[in-house]
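Visitor: Could you walk me through how to read a few features of a protein model?
Guide: Gladly; let us take them one at a time.

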Amino acid sequence: MSVRARLRATVPALLSSSQAGPPEITGPPGRRLLVQRSDEEIAARPLDDAFAARAGATVRFPAPWPRRGDTWEVAPDATLAVFAGSHAVRAVDPTGATRWEVRHGCWSGGCEEIHESYADRRDHRYPESGSVGFSADGRLVWAHVRGPLPEGELSPDTADEWLVIDAEDGRVLARADAEAVAAGSAHPPHPTDPAQMGLSIGEGQDGAPLRWGRWDGKELTVDCLDGDLCLLSLSPSGERLMTVSHDQDALAVRDSRGAVVASLDWDAGAAIPRHPEAPADEDESPVCWDWAGGFLDETTLIASTTESDEDYGQYRHWLVDTTASHGFVPVDYPSSVSCEPTALGGGFWSTLSPSRDVVHVWSADGPEG
């Protein structure tokens, strides 16, 4: 049995694919944005519930530095963009004016400078990176940075810091040791509680530490979840996390303390059959989960195995029923897909066109076979 994917919307990119990264749809139902980053700007367009552009012009945020080595986020109301660069976190409004900036240690190798301006040097061309994320209400920016800040270090043993910043004026409200030395990271936000945030950290081959933050208005408390885990998504209630292990063999649903919800963990080799085009006599073709997907609703996930499928033809995506009534069901698309899925909530997910200049939005249309 499979589930038919129904194409719900075709959303063209805002910027030329030759000059920009791929377009993305961000935000929960009711506050969705189409966003895209080039070297010169971020473009953002509010979308309605049918994924059509809302009335009004596209909002553009001039970029303070090239996109190499940085990450970024647009506020839920599209009034502010925050850039996480190699040496500073900077908030920019649509005029290009800097609303605030928080300088921090340099992400480039062993550099120990606190840079006053963008460092476009040969030895800084391939930096590690942190990330930023807006709280559910847009009033806070959570930032993962390389320490120290100009105000001083937390301790001599602290490499990476996790900050809570006032989105309006850039005040650092709280700092904590992230207990990591990152190559990159991402901030999956709690969908309803601005005082909670996830931090999924990649340390290259060394591991994938996962942190969960709670800010009570005075202090930032950080839980270090056990295991090397990539946090992909939170359920609409925020009570469940979808994770994939660093070695990509285990997919699980967890609570915010990191404990696996009863019976909701799956080994890729046991849960997913080998690709039908994989040679029967080939022993070294294990199935593995992608670091992609997420919650479509409170009990349904979308996941994929494209990395282990790519040598054998059609990429495979899977709907996962966490009520255990149906388990894993393959998704049947009307045409081949060329990438991993991105969960959008509200029962929707997206894929990129092969040319990476169009976002296709899908929903499940019912079982086949």
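Guide: What follows is a short tour of cores, aromatic pairs, cysteines and two single residues in a predicted model.

Visitor: Let us begin with the interior. How many residues does the largest nonpolar core have, and which have the most contacts inside it?

Guide: The largest nonpolar core has 18 residues, and those with the most contacts inside it are Met242, Leu251, Trp266, Trp289, Leu301 and Phe328. Strands E18 (229–234), E19 (241–245), E20 (250–254), E21 (260–267), E23 (300–304) and E24 (317–321) are the elements that give two or more residues to this core. There is also a second, separate core of 17 residues, with Ala91, Val102, Val145 and Ile165 among them.

Visitor: How should I read aromatic rings, and how many aromatic pairs does a search of the whole structure find?

Guide: A pair of aromatic rings is described by two values, the distance of the centres and the angle of the planes. Here, the search finds seven aromatic pairs. One of them joins tryptophan 266 and phenylalanine 328, edge-to-face, at 5.3 Å centre to centre with 90° between the planes. Tryptophan 266 lies in strand E21 and phenylalanine 328 in strand E25 (residues 327–332), so this pair ties together parts that are 62 residues apart in sequence.

Visitor: Are tryptophan 266 and phenylalanine 328 buried or exposed?

Guide: Tryptophan 266 is buried, with a relative accessible area of 16%. Phenylalanine 328 also counts as buried, at 18% relative accessibility. Trp266 and Phe328 form one aromatic cluster with Trp289.

Visitor: What about the rings of tyrosine 333 and tryptophan 362?

Guide: Their centres are 4.9 Å apart and their planes are at 80°, so that pair is edge-to-face. Tyrosine 333 sits in the loop between E25 and strand E26 (342–345), while tryptophan 362 belongs to strand E28 (residues 358–368), so the pair links distant parts of the chain, 29 residues apart. Both tyrosine 333 and tryptophan 362 are buried.

Visitor: Now the cysteines. How many disulfides does the structure hold?

Guide: The test is whether two cysteine sulfur atoms lie within 2.5 Å. The structure holds zero disulfides. For cysteine 106, the nearest cysteine sulfur is that of cysteine 111, 3.9 Å away. Cysteine 106 counts as buried at 2% relative accessibility. Cysteine 288 is in no disulfide either, with the nearest cysteine sulfur, that of cysteine 230, 13 Å away. Cysteine 288 is buried too, with a relative accessible area of 16%.

Visitor: Let us turn to single residues. Where is threonine 305, and what does threonine 305 touch?

Guide: A useful habit is to ask for place, burial and partners in turn. Threonine 305 is in the loop between E23 and helix H2 (306–309), and is buried, with a relative accessible area of 0%. Not counting residues up to four places away in sequence, threonine 305 touches Ile272, Val287, Cys288, Trp289, Asp290, Arg316 and Trp318. With tryptophan 318 there is a polar contact between the side chains, at 3.2 Å.

Visitor: And what would the same habit tell me about serine 38?

Guide: Serine 38 is in the loop between strand E3 (33–37) and strand E4 (41–46). At 5% relative accessibility, serine 38 counts as buried. The side chain of serine 38 reaches the backbone nitrogen of glutamate 40 at 3.2 Å. Leaving aside neighbours within four places in sequence, serine 38 is in contact with Leu15, Gln19, Ala20 and Arg67.

How values were computed: Residues are numbered from 1 along each chain as its sequence is written. This is a predicted model: local features need pLDDT of at least 70, side-chain atom pairs count only at pLDDT 80 or more; totals for chains, interfaces and linings use all residues. Side-chain values use heavy atoms; hydrogens and water are left out. A nonpolar core is a set of buried Ala, Val, Leu, Ile, Met, Phe, Trp, Tyr and Cys residues joined through side-chain atoms within 4.5 Å. Buried means under 20% relative accessible area, exposed over 50%, partly exposed in between (1.4 Å probe, protein chains only). Helices (H or I, at least four residues) and strands (E, at least two) are DSSP runs, numbered from the N terminus. Contact means heavy atoms within 4.5 Å. A polar contact is a pair of N or O atoms within 3.5 Å; within protein, one must be able to donate a hydrogen and the other to accept it, and residues adjacent in sequence count only if both atoms are side-chain atoms. Rings of Phe, Tyr and Trp (its six-membered ring) pair if their centres lie within 6.5 Å; planes under 30 degrees apart count as stacked, over 60 as edge-to-face and the rest as tilted.
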